[in-house]
Amino acid sequence: MSLDIAALRGQFPILSQSVRGKPLVYLDNGATTQKPEAVIQAIDAYYRECNSNVHRGAHYLSDEATARFENARQSVADFINASREEIIWTRGTTESINLVASCYGASLKAGDEVVISTLEHHSNIVPWQMACERSGAILKVIPLQADGSLDLAAYRALLNERTRIVAVTQVSNALGTVNPVTEMIRDAKAVGAVTLLDGAQAVSHFGVDVRALDCDFYAFSGHKLFGPTGIGVLYGRKALLEAMPPWLGGGEMIETVSFERSTWNRLPYKFEAGTPNIAGAVGLGAAIDWLQAQDRTALAAHEAALLRDATTRAEAFAGMRLIGTAPGKVAVMSFLLDGAHPHDVGQLLDQQGVAVRTGHHCTMPLMDCLGIPGTVRASFSIYNDSSDIERLFTALEKVKSFL
Ligand code: C6P
């Protein structure tokens, strides 16, 4: 399959518009990706053709909605090599991690240890702080090296028989560092710890196989994977999900209810109380089916070439400092311009039609560790091309002259 990025980009209607009088250059893909026509149509078709509640109605529309909803779950399961019953719909990565921190975290005891890393997004820090506060467990943090990679020797030194959970991101949203998670999971398992991977920034860039990774939990969001907002996934190893108490109580998650006691539905419904985001699930299923039909190896190579090109230009750009230079990083160029606040740089780029994110990227402890208030972050996706990089650097030259 040969790559035709122009044709691929043409499938994303939002990208063909002008903003502030300039053709849009969208480099904020770490925050959310844009949606292809196939996803927009799947959501539209759901509402036009079969909007109904799932698993409940004794009528055609409900059967059809249920089929689309459950087919989407199967697409997710195939996408990460899990089984259907191990795929729980959530609102996104944040909710998925909170579910594990609450339900698996309920078994934590005083003196147990939870290991996270300096690279974590707030959503893989705060739920664990809350779980530790409830249980008396202790939070341990893997330190960072100068290039933005984790200090693996320090990680190994943190692990011991008290380590109950290791929860780390697969890819850093702020720096693009790809963590050696296979190795990290093996080390965690050697001390009997359960592992959770935050896959929010990984799934859109390369294939993920939860069985090969051998992780216990894997979390990601639909909206960073060309799907809609408000839908996400928690993968959990079946035996662990079965042993965990449910999270929210209500309809769907029960088998029987009496005023004396209730019993729980089978997996995955035990963790899906209430009417789910049906259109969201259908949209995410369509996004995954669409992505799986692309040549992902070629797209990953395309993204890597974009990052190489951008990095080479950045290194030659006077006054620009790259933040995070770990080998093998993906799709993110975080930087600072001498004497300029990231926020001002972002605003001046926006005036030229270039969308980036600025600030701490919900990684305040990481920024503290780096001794900076934040960065300007250009994050790339499969539909970006060399003209976007060209426009970014032309705009940055102007920013420099303004400041
Ligand atoms: N990062 C960014 O601009 P939600 O909001 O639940 O879909 O995803 C949270 C989340 C968790 N982990 C990582 C590694 C993430 O990057 C994110 C979201 C966005 O970097 C918005 S802060």
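The expected span of a helix is 1.5 Å times one less than its number of residues. Keep that in mind for the first two views of this predicted model.

**View 1. Helix 3, end to end.** Helix 3 is built from 21 residues, and its first and last C-alpha atoms sit 31 Å apart, close to the 30 Å expected at 1.5 Å a residue. Plenty of its residues are buried, including Ser62, Ala65, Thr66, Phe69 and Phe79. Charged side chains turn up in that buried list too: Glu70 and Arg73 are among them. Step just past the end of helix 3 and you meet Asn81, which takes a positive phi of about 60°.

**View 2. Helix 11 and what packs over it.** Now try the rule on helix 11, residues 296-316: its 21 residues should span 30 Å, and its end C-alpha atoms are 30 Å apart, so the two agree. At the N-terminal end, Asp295 acts as a cap, with a side-chain oxygen 3.3 Å from the backbone nitrogen of Thr297. Which residues of helix 11 are buried? They are Arg296, Ala298, Leu299, His302, Glu303, Leu306, Leu307, Ala310 and Ala314. The cover over these buried residues includes helix 1 (5-10), helix 3 (60-80) and helix 10 (278-292). Strand 13 (320-322), strand 14 (332-337) and helix 14 (386-402) are also part of that cover.

**View 3. The largest pocket.** Stay with helix 11 for this one, since the largest pocket takes seven of its lining residues from there, the most that any element gives. The pocket has a volume of about 320 Å³. It has 19 lining residues, and the closest to its centre are Leu307, Thr311, Ala326, Gly328 and Lys329. Sorted by kind, the lining comes out as ten nonpolar, five polar and four charged residues.

**View 4. The largest cavity.** Searching the whole structure turns up three cavities of 30 Å³ or more. The largest cavity has a volume of about 90 Å³. What sits nearest its centre? Out of 17 lining residues, it's Asn29, Gly30, Gln201, Ser204 and His205. This lining holds six nonpolar residues, ten polar and one charged.

**View 5. Three spots with less common backbone geometry.** Most residues other than glycine have a negative phi, and most peptide bonds are trans. Here are some exceptions. Leu267 and Pro268 are joined by a cis peptide bond, with omega about 0°. Pro268 belongs to the loop between strand 12 (262-264) and helix 10. His55, not a glycine, has a positive phi of about 60°, and you'll find His55 in the loop between helix 2 (37-50) and helix 3. Glu252 has a positive phi as well, near 75°, and sits in the loop between helix 9 (238-243) and strand 11 (254-257). Are these two residues buried or exposed, or in between? His55 has 32% relative accessibility, so it counts as partly exposed. Glu252 has 15%, so it counts as buried; the cut-off for buried is under 20%.

**View 6. Arg164 and its neighbours.** Arg164 is part of strand 7, residues 163-169. Its side chain makes a polar contact with the side chain of Ser107, at 2.9 Å. Leaving aside residues up to four places away in sequence, Arg164 also touches Tyr104, Leu108, Lys109, Asp112, Glu113, Ala193 and Val194.

Methods: Residues are numbered from 1 along each chain as its sequence is written. This is a predicted model: local features need pLDDT of at least 70, side-chain atom pairs count only at pLDDT 80 or more; totals for chains, interfaces and linings use all residues. Side-chain values use heavy atoms; hydrogens and water are left out. Helices (H or I, at least four residues) and strands (E, at least two) are DSSP runs, numbered from the N terminus. Buried means under 20% relative accessible area, exposed over 50%, partly exposed in between (1.4 Å probe, protein chains only). Contact means heavy atoms within 4.5 Å. A polar contact is a pair of N or O atoms within 3.5 Å; within protein, one must be able to donate a hydrogen and the other to accept it, and residues adjacent in sequence count only if both atoms are side-chain atoms. On a 1 Å grid over the protein atoms alone, a cavity is a set of points where a 1.4 Å probe fits but cannot get out, and a pocket is an open set with protein on both sides within 12 Å along at least five of seven lines; lining residues have an atom within 4 Å of a point. Grid points are joined across faces, edges and corners, and a volume is the space filled by probe spheres set on the points.
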